[in-house]
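Biologist: I would like to learn how to read a sheet and a pocket in a model such as this one. Could we take the sheet before the pocket?

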Amino acid sequence: MAADSCLSQVPAGAAAASPEGRLLFSRLVKQVRLRQLQLLLALQQCGSVMQAAAALHMSQSAATQALAELERVLDIQLFERHARGMRPTVAGQALIDAARSMLVGLQEVSESLASIRRGASAALRLGAIPAAALSVLSRLLPRFYEAHPQVYVDVHEDASAPLLSQLMASGLDVVFCRRPQLLPAEYAFEPLLLDAALVIADADHPLVGRRDVPLPALRGARWVLPSFGIAVRHIVETEVLPVLEDASWFPASTVSLPVLEGLLTQPGAVSLVPRSILPGLCSRGRVRALDVRIEGRLPPLGAVYRTDHAPALLKEMLSLWHRLALPHAAVPQRL
């Protein structure tokens, strides 16, 4: 009885505050099977029981029964029929979204387990924004594997907000990103790389190779804007566009390096990017940095991790970075 009480109380506060929510959570845990969750995703994608059952190698009657059982357990309709098949209700969509996240997590941990079965000695789960993946992980991981060839490393690349959410839900061991504005007390930010904003253009741009280009010299340029919500976009809006009041830009914003490189081939095109992504842009020789002074500063790139649960391998990885002594590396801090 004590064990059952312990199991029921651990997730209750986070997952279900109301008595009805706790009841439904208990039913989900005790009576719902993963196969039923797979069926929900297949039904949403296929729009019919027959096609969903075929995709999961089930009989149509078994799929129909599994859905009916799930709706009975939760006492709520999850799908509604319409002229061309089935679509999820509001409740069904909510459960589908949660099921998708759970199944993706199981797929990811399955890869970790498979690597451990094949001989990996441990696993590290890393999150990285694109700038950190290009400038930090691309240099760090080869050196790390020289010392730890049997460690399985799972890298997730995304924006900082969803990665930090995964970290705080214990889905990642560390996130390589810019310094967050706010962090809970149990988390630390270890700066790794100082960064700056640079104006870039195609190698054939007329200002390539000129020294001390003033910002007003870019009047008439057409800008490829960074995506909203990233640090360099703020510099564009507060420092660049006020000086270049007649500036024009492409009707697109992007953090995709191939898209950015392609747009820069257009006449007069320029962009403002972090210095840290230049290794990914300059590899084919088509992109050049212009000698334009930009006053705005970018937060450093670094590692966010939970101080009381930082794996020993992560500490070794961060120490290895500081031993590389790369240009623009941040001053090391004690872990």
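**Reading the sheet and the pocket**

Modeller: Let us begin with strand order, bearing in mind that this is a predicted model. Five strands form an open sheet with mixed pairing, and their order is β9-β8-β10-β7-β11.

Biologist: Which are the edge strands?

Modeller: An edge strand pairs on one side only, and here that description fits β9 (248-253) and β11 (287-290). From one strand to the next, the twist averages 35°.

Biologist: In what sense do β7 and β10 pair, and over how many bridges?

Modeller: Strand β7, which covers residues 197-202, pairs with β10 in the antiparallel sense over five bridges. To find the register by eye, look for A201, which stands opposite V270 in β10.

Biologist: Which strands does α10 lie across?

Modeller: Helix α10 lies across β7, β8, β9 and β10, and it runs at about 125° to β10.

Biologist: Turning to the largest pocket, how much space lies in it?

Modeller: The largest pocket holds about 800 Å³ of space. Its lining comprises 36 residues, of which I129, R178, G229, I230 and A231 are the closest to the centre. Two or more lining residues come from each of α8 (130-147), α9 (160-168), β5 (174-178), β8 (222-225), α10 (231-243), α11 (257-263) and β10 (269-274).

Biologist: How many residues of each class, nonpolar, polar and charged, does the lining have?

Modeller: Sorted by class, the lining of the largest pocket has 26 nonpolar residues, together with seven polar and three charged ones.

Methods
Residues numbered from 1 in each chain as written. Predicted model: local features only at pLDDT ≥ 70, side-chain atom pairs only at ≥ 80, totals over all residues. Heavy atoms only, no water. 1 Å grid on protein atoms, 1.4 Å probe; cavity = no way out; pocket = protein on both sides within 12 Å on 5 of 7 lines; lining within 4 Å. Points joined across faces, edges and corners; volume = space filled by probe spheres on them. Helix = DSSP H or I, 4+ residues; strand = E, 2+ residues; numbered from the N terminus. Nonpolar A, V, L, I, M, F, W, Y, C, P; charged D, E, K, R; others polar. Pairing = 2+ DSSP bridges. Axes fitted to C-alpha atoms, helices over the stretch in contact; angles between N-to-C directions. Contact = heavy atoms within 4.5 Å.
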